[in-house]
Structure formats: C-alpha cells, structure tokens
Amino acid sequence: MRRVLQALAICLSVGAPVKATELNVVVVELYTSQGCSSCPPADEMVEVLAQRDDVIALSLHVDYWDYIGWKDEFADPKHSARQRGYATAAGRRSIYTPEMIVNGVTDIVGAKPMAVAMAIQKHMEMAPKVLVQAARDGDEIQIEANALARNLGPMQVHLVRFQPQRVAKITRGENAGRTIYYSNVAQDWQVIGSWDGASDLSLQASLPGKLPAVVLIQGKDHGPIRAAAVLR
C-alpha cells in the first residue's frame, strides 16, 4: 500500500511546477465501496490527491456491492447512477470498483498511480474552455462563469458537498476487520442549472451548512468537465 502512495507522489511530482494563478484544476472522481477488497489502495490515492491545489478529488461510494455482506454507509444510489451514465456515454456495458474518472473523460481501472498521474498531467496541459468562480455567503452561493471557446454544447452546473474525512470500521464482507479512512466523501450531488455557453453565466443557489462543496461545469449527459471550483 505504501509503495502505491509513494509511486503516486513521485509520479505527480514529475514535470514543471504550476503557479497557483495558472492552475487548470483537474477533477478526479473515484467510484469506490466499503465492500470492495480492491478499493483501499485507490481510497488512499485519493488521500494523496486531496492534498493538492491543482486537483479536486472526490470519493463517490456506490451501493451495488451492498449485497455481498456489508452495507456501505456512505453509499448513494445517485453515485451508482452517475457511474452508469459515464459507462453508457463511453459505450461500456458494465461498471466496477475501483474506477477513477478524470475530468469526465478518462477512466482508469483500479489503483494505478502512473496512469492517474499521466491523466492528470494530460488534462492539466489542455487549454481551459471555461472559467468559473464561486463565492459563499452564509447559506447561499454565487456562481459566475464564462466560456473561453465556442461550440461547447449544452452544459450543466453541478453542486456536490463533501466531507474531508470519514472513517468506517468494517465488520463484515470482503474488508471485515479493517478500519478505513476516506477522503473527500461526496454527498448531496445535484444539478442546479444549465448553460449553453453563449453568454456569461450568473447563478445563485442554496448551500446550507458548513461542509465544503464543489461546483462543476460539465457537458450534458456525462460529457467533459469544463471547469470546477471549491467552496470551503
């Protein structure tokens, strides 16, 4: 396990440093389950990614492994549906864990630090298509976005809250006897608006509570993630 994390850290350190003002933030979604014995290495990779300013890493717990002996207390059927949507958009017939989706485009099977690092670097080097800013004021957020390219197609504005760290003591199933720490556990995923990119976007939404959240601008029907912003 430690070797996987060391390898990821080394892979991510390769290449020229990126200044904070030039960040092209990359979104990494991990589809995981407490009932999956292959998932802990990928869960720990998210812990490494969550410490970076140029990556937004989210753990989306799915519910389709609950039947094998352990019900994932963080799972949400919406996460499973989102993963199925990615599979359908890519022409894949099945879904699995662990799977990482980078910027809504690149899927990576399992915990593969080199593949993850290469995908992140590839997307980071792409010219941004959308700029988004989000500001929090009490229980309200204000989202502003503008397109930097033409013909981006219909897009949706997603809002997802997350818990920076959660812990599970698993007593049954494939991971029985393990205590596992999870980073950036997603919850309350919702689509709060649509946008065609033809004019600037200005959108206000409700965000009660104190949990951090992420705003995503994503192509409709599980298309590319064009831009993202974190609200602390």
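1. Burial and overall form. In this predicted model, 47% of the 232 residues of the chain count as buried. The secondary structure comes to four helices and eleven strands. The radius of gyration is 17 Å, close to the 17 Å that the globule rule gives for 232 residues, so the chain is as compact as a globular protein of that length. The C-alpha trace spans about 55 × 40 × 40 Å along its principal axes.

2. Contacts along the sequence. Among contacts in the chain with a separation of 6 or more, 69% are accounted for by residues 24 or more positions apart.

3. Strand β2 and its two faces. Strand β2, residues 55–61, is mostly covered, since seven of its seven residues are buried. In a regular strand the side chains alternate between the two faces of the sheet. In β2 both faces are covered, with Val55, Ala57, Ser59 and His61 buried on one side, and Ile56, Leu58 and Leu60 buried on the other.

4. Pairing of β1 with β2. Strand β1, residues 26–32, runs parallel to β2 and is joined to it by seven bridges; one of the residues concerned is Tyr31, whose bridge partner in β2 is Leu60. Between the two strands the chain passes through helix α2, residues 40–49, and the resulting β-α-β crossover is right-handed.

5. Helix α4. For the twelve residues of α4, residues 113–124, a rise of 1.5 Å a residue gives an expected span of 16 Å, and the C-alpha atoms at the ends of the helix are 16 Å apart, which agrees. The buried residues of this helix are Pro113, Val116, Ala117, Ala119, Ile120, His123 and Met124. Seen down the axis of α4, these buried residues fall within an arc of 165°, and they therefore line one face of the helix.

6. Asn175. This residue is found in the loop between β7, residues 155–169, and β8, residues 179–195. Is Asn175 buried or exposed? Its relative accessibility is 1%, and because buried means under 20%, Asn175 counts as buried.

7. Surroundings of Asn175. Leaving aside residues up to four places away in sequence, Asn175 touches Ser33, Gln34, Gly35, Cys36, Ser37, Pro40, Ile170 and Ile180. Of these partners, Pro40 belongs to helix α2, which spans residues 40–49, and Ile180 belongs to β8, which spans residues 179–195.

Methods:
Residues numbered from 1 in each chain as written. Predicted model: local features only at pLDDT ≥ 70, side-chain atom pairs only at ≥ 80, totals over all residues. Heavy atoms only, no water. Expected span 1.5 Å × (residues − 1). Buried < 20%, exposed > 50% of the residue type's maximum accessible area, 1.4 Å probe, protein only. Arc of directions from axis to C-beta. Pairing = 2+ DSSP bridges. Right-handed = clockwise from strand over helix to strand, strands pointing away. Rg over C-alpha atoms; globule rule 2.2 N^0.38 Å. Contact = heavy atoms within 4.5 Å.
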